[in-house]
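Subject: Handover of a structure and notes on it

Dear colleague,

I am passing on the structure we discussed, together with my notes on it. Could you read them beside the sequence and the coordinates shown here?

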Amino acid sequence: MAKVYEFLADGFEEVEALAPIDILRRGGVEVKMVSITGSNLVESSHGVVVKADLLFEDITDFSDADLLMLPGGMPGSKNLNEHDGVRNALKEQFEKGKRVAAICAAPLVLASVGLLKGKKATIYPGMESYLGENAEYTGALVQEDGNVTTGAGPAASFPYGYKLLSYFLPAEKVEEIQKGMIYDQLLNS
């Protein structure tokens with residue numbers, strides 16, 4: 001079974017954090033929410049409190065991760081970017097050729113640790129400068145380039161989640177989950 005860790009900081013965006021987790025778990029992927037706050041309770045940017053599965057300091061390493069992902073939101077993305085442990089985990093994951101993903105404002109974390117150099121990426125509109133001059137901003141809802149996947153914001157949460165799921169399941173299984181969540185109906189409305 002694939003294993004994913006999602007880092008949560010106070011000020012995260014709810015939809016961007018929880019929709020991809022829901023989609024991945026429906027596909028049988030083990031997802032662990034990791035709080036970087038020192039508490040299992042993490043408050044979103046809109047005041048929703050979520051209980052994380054693990055505390056960052058309780059994990060010795062993330063080498064068993066198939067994917068590390070970051071939800072966006074402010075100040076959540078800024079808080080993630082200021083956490084040395086998160087930054088180091090992302091660099092190690094990337095350097096091993098393993099997958100990293102970030103949505104909305106959170107691609108700024110990937111950029112600040114140098115993971116977007118020479119990559120195509122997307123980020124919340126108006127934040128393009130945070131990608132740095134060595135990344136190519138595409139403006140896509142979801143952008144994949146090698147082992148890096150980025151999403152543009154809350155509305156991208158579902159296609160972003162399905163893209164992440166596609167790394168672990170065959171296309172027909174992903175489509176089956178999309179149909180079960182009536183995602184196709186949403187696209188056709």
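In what follows, a residue counts as buried when its relative accessible area is under 20%, as exposed when that area is over 50%, and as partly exposed in between. Please keep in mind throughout that this is a predicted model.

To begin with the chain as a whole, its secondary structure comes to seven helices and 11 strands, and its C-alpha atoms fill a box of roughly 40 × 35 × 35 Å along the principal axes. A compact globule of 189 residues would have a radius of gyration near 16 Å, and the 15 Å found for this chain agrees with that expectation. Of the 189 residues, 51% count as buried, while the accessible surface comes to about 8,600 Å², with 49% of it belonging to carbon and sulfur atoms. If one takes the contacts between residues at least 6 apart in sequence, 64% of them join residues that are at least 24 apart.

I turn next to the strand pairing at the start of the chain. Strand S1, residues 3–8, pairs with strand S2, residues 30–35, in the parallel sense and over six bridges, and within this pairing Phe-7 stands opposite Val-34 of S2. Between these two strands the chain passes through helix H1, residues 14–26, and the resulting β-α-β crossover is right-handed. S2 is also joined by two bridges to strand S5, residues 54–55, the two running parallel, and here Ser-35 stands opposite Leu-55 of S5.

The salt bridges deserve a section of their own, since a search of the whole structure finds eight of them. In one of these, Asp-64 pairs with Lys-3, and the closest N and O atoms are 3.0 Å apart. This pair links distant parts of the chain, given that Asp-64 lies in the loop between S5 and strand S6 (67–70) whereas Lys-3 belongs to strand S1, 61 residues apart. The two partners fall into separate classes of accessibility: Asp-64 is partly exposed, with a relative accessible area of 37%, and Lys-3 counts as buried at 17%, because the latter value is under 20%.

Glu-30 forms another salt bridge, with Lys-32, the closest N and O atoms being 3.9 Å apart. Glu-30, at 27% relative accessibility, counts as partly exposed, and Lys-32 counts as partly exposed at 26%. Through salt bridges that share partners, Lys-3, Glu-30, Lys-32 and Asp-64 are joined into one network.

A further salt bridge is found in helix H1, where Asp-22 and Arg-26 lie four residues apart, about one turn of the helix. Their closest N and O atoms are 2.4 Å apart. Asp-22 has 30% relative accessibility and counts as partly exposed; Arg-26 has 48% and likewise counts as partly exposed, because that value is not over the 50% required of an exposed residue.

Some points of backbone geometry may also be worth checking by eye. Met-74 and Pro-75 are joined by a cis peptide bond, with omega at about 10°, and Pro-75 is found in the loop between S6 and helix H2 (76–81). Cys-104, a residue other than glycine, has a positive phi, near 65°; this cysteine sits in the loop between strand S7 (99–103) and helix H4 (107–112), and at 8% relative accessibility Cys-104 counts as buried. Ile-182 also has a positive phi, near 50°, in a residue other than glycine, and is found in the loop between H6 and helix H7 (183–188). With a relative accessible area of 53%, Ile-182 is exposed.

Lastly, which residues does Gln-178 touch, not counting residues up to four places away in sequence? They are Tyr-162, Tyr-183 and Asp-184. Gln-178 itself is found in helix H6, residues 171–180, and is buried, with a relative accessible area of 15%.

With best regards

Definitions and conventions. Residues numbered from 1 in each chain as written. Predicted model: local features only at pLDDT ≥ 70, side-chain atom pairs only at ≥ 80, totals over all residues. Heavy atoms only, no water. Pairing = 2+ DSSP bridges. Right-handed = clockwise from strand over helix to strand, strands pointing away. Buried < 20%, exposed > 50% of the residue type's maximum accessible area, 1.4 Å probe, protein only. Contact = heavy atoms within 4.5 Å. Salt bridge = Lys/Arg side-chain N within 4 Å of Asp/Glu carboxyl O. Rg over C-alpha atoms; globule rule 2.2 N^0.38 Å. Areas by Shrake-Rupley, 256 points an atom, 1.4 Å probe, with all protein chains shown as cover.
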